[in-house]
Amino acid sequence: MITAAISSPSTNAFHVGPLMLRAYGLLIVLGIVVATWLTMRRWQARGGSRELVFEVGFWSVLAGVAGARLCHLVTSWNEVPDEWWGPFAIWKGGLGIWGGVLLGFLVGAWLVRRRGASVAAFADAAAPGLLIAQGIGRIGNYFNQELFGTPTDLPWALAIDPENRPDGYGAYETFHPTFLYEFLWDVGYALVLIWIGGRCRIRPGGIFALYVAGYSFARIFEELLRIDPAKELVGFRLNFYVATALFLASCAFFVWIPRRRVARPAP
């Protein structure tokens with residue numbers, strides 16, 4: 001018997017005059033604003049310019065959204081609306097975080113390098129903000145009633161409307177709120193990264209490596225909970241393998257960083 005649950009919103013859209021605003025999009029924008037503000041403060045504390053943060057942020061966001069959508073289209077094409085506008089319908093959800101981080105990072109790194117700044121140092125400054133932005137964006141899944149976990153009757157279970165329950169789960173009413181788990185992890189871990197960066201001597205690139213490792217670690221367990229349709233390999237979701245590979249690679253990179261050679265300036 002269910003005694004308590006988190007209720008889901010009845011709609012994912014808000015009307016402001018003649019405009020209809022989607023909660024998913026608004027939360028993405030909020031995450032971008034928070035990430036830009038935090039990165040700017042951290043980069044300026046390292047002697048960097050705020051102009052570089054805005055420039056990198058603008059182009060990285062565009063590249064990140066494009067990369068995230070492409071990642072979703074490649075891995076979850078069956079979830080894309082059949083209409084002509086389906087591939088562009090990000091307001092309905094469907095952003096693959098791996099593609100967004102990868103393309104956004106590559107474009108941002110290219111710009112930082114062109115401006116003569118340290119890519120590794122800039123990535124460290126941006127890491128906590130990126131993590132918080134990802135957590136804020138996850139709340140959009142709550143408004144869309146999507147990407148939740150297996151059925152549960154825990155007090156913090158999430159109530160899902162019948163039309164949004166996956167095939168085979170119609171008889172269940174409440175599910176694990178994976179959006180909430182990830183939000184709490186992302187924000188909490190971002191604070192840990194800020195604390196580590198302020199109190200430990202870590203070579204440039206180390207904080208970003210810890211960011212990737214920590215986020216991937218959480219996604220491993222999240223992928224074991226989620227029941228939304230996804231491509232599988234040997235009984236596990238494809239993103240489970242991606243998260244595991246990234247966790248191991250970023251841990252190895254973090255261990256390697258103190259041992260890498262740094263080019264000495266010419267005499």
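In what follows, a helix is a DSSP run of H or I with at least four residues, a strand is a DSSP run of E with at least two, and both are numbered from the N terminus. The model used in these exercises is a predicted one.

**Exercise 1. Taking stock of the chain**

Find how many helices and strands the protein chain has, and in which order its elements run.

Solution. Step one is the count, which gives seven helices and six strands in the protein chain. Step two is to read the elements from the N terminus on, and the order is then β-β-α-α-α-α-β-β-α-α-β-β-α. Step three concerns burial, for which a residue must have under 20% relative accessible area; buried residues make up 41% of the 267 residues in the protein chain.

**Exercise 2. The strands β1 and β2**

Work out how β1 and β2 are joined, and what is found in the turn between them.

Solution. First, locate strand β1 at residues 13–16 and strand β2 at residues 19–22; the two run antiparallel and are joined by four bridges. One of the residues to follow is A13, whose bridge partner in β2 is R22. Next, look at the connection, where two residues lie between the strands, which together form a hairpin. In that turn, G17 has a positive phi of about 65 degrees. Finally, step back to the segment before β1, which holds S10. Because a residue over 50% relative accessible area counts as exposed, S10, with 77%, is exposed. Although S10 and N144 are 134 residues apart along the chain, their C-alpha atoms are separated by 9.3 Å.

**Exercise 3. Helix α4 and the loop after it**

Compare the expected span of helix α4 with the distance between its end C-alpha atoms, and then describe the kink in α4 and the residue that follows the helix.

Solution. Begin with the span: α4 covers residues 119–144, and the expected value is 1.5 Å times one less than the number of residues, so the 26 residues should span 38 Å. The end C-alpha atoms are 36 Å apart, which agrees with that expectation. Then look along the helix for a bend, and a kink of about 40 degrees appears at A126, shortly before the proline P128. As for its surroundings, 20 of the 26 residues of α4 are buried, so the helix is largely enclosed by the rest of the structure.

The last step leads out of the helix. Most residues other than glycine have a negative phi. Q145, which follows α4, is not a glycine and yet has a positive phi of about 50 degrees. Q145 sits in the loop between α4 and β3 and is buried, with a relative accessible area of 7%. L147 lies in the loop between α4 and β3 as well; its phi is near 55 degrees, again a positive value in a residue other than glycine, and L147 is buried at 18% relative accessible area.

**Exercise 4. Charged pairs**

Examine the salt bridges of R138 and of E223, and say where the partners lie.

Solution. A salt bridge requires a side-chain nitrogen of Lys or Arg within 4 Å of a carboxyl oxygen of Asp or Glu, and by this rule the count comes to eight. One of them joins the side chains of R138 and E182, at 2.9 Å from N to O. This pair links distant parts of the chain, since R138 is in helix α4 and E182 in helix α5, 44 residues apart. Both partners are buried, R138 at 10% relative accessibility and E182 at 4%.

Turn now to E223, which forms a salt bridge with R219, the closest N and O atoms being 2.5 Å apart. These two residues are four apart in helix α6, so about one helical turn separates them. E223 is buried at 3% relative accessibility, and R219 also counts as buried at 3%. Salt bridges that share partners join R219, E222, E223, R226, D228 and R237 into one network. Within it, R226 pairs with E222 at 3.7 Å between the closest N and O atoms, and both R226 and E222 are buried.

**Exercise 5. A nonpolar patch**

Identify the residues of the nonpolar patch on the surface and the helix that gives the most to it.

Solution. The residues are W185, F217, F221, L224 and F236, which together have about 460 Å² of accessible area. Assigning them to elements shows that helix α6, residues 206–225, gives the most, with three residues. W185, by contrast, lies in helix α5, residues 178–199, and is partly exposed, with a relative accessible area of 32%.

Conventions: Residues are numbered from 1 along each chain as its sequence is written. This is a predicted model: local features need pLDDT of at least 70, side-chain atom pairs count only at pLDDT 80 or more; totals for chains, interfaces and linings use all residues. Side-chain values use heavy atoms; hydrogens and water are left out. Patches are made of residues with over 30% relative accessible area and no salt bridge: like charges are joined within 9 Å, nonpolar side chains (Val, Leu, Ile, Met, Phe, Trp, Tyr) within 5 Å. Accessible areas come from the Shrake-Rupley method with a 1.4 Å probe; for residues, only the protein chains shown count as cover. Buried means under 20% relative accessible area, exposed over 50%, partly exposed in between (1.4 Å probe, protein chains only). The bend at a residue is the angle between axes fitted to the seven residues ending there and the seven starting there. Two strands pair if DSSP finds at least two bridges between them.
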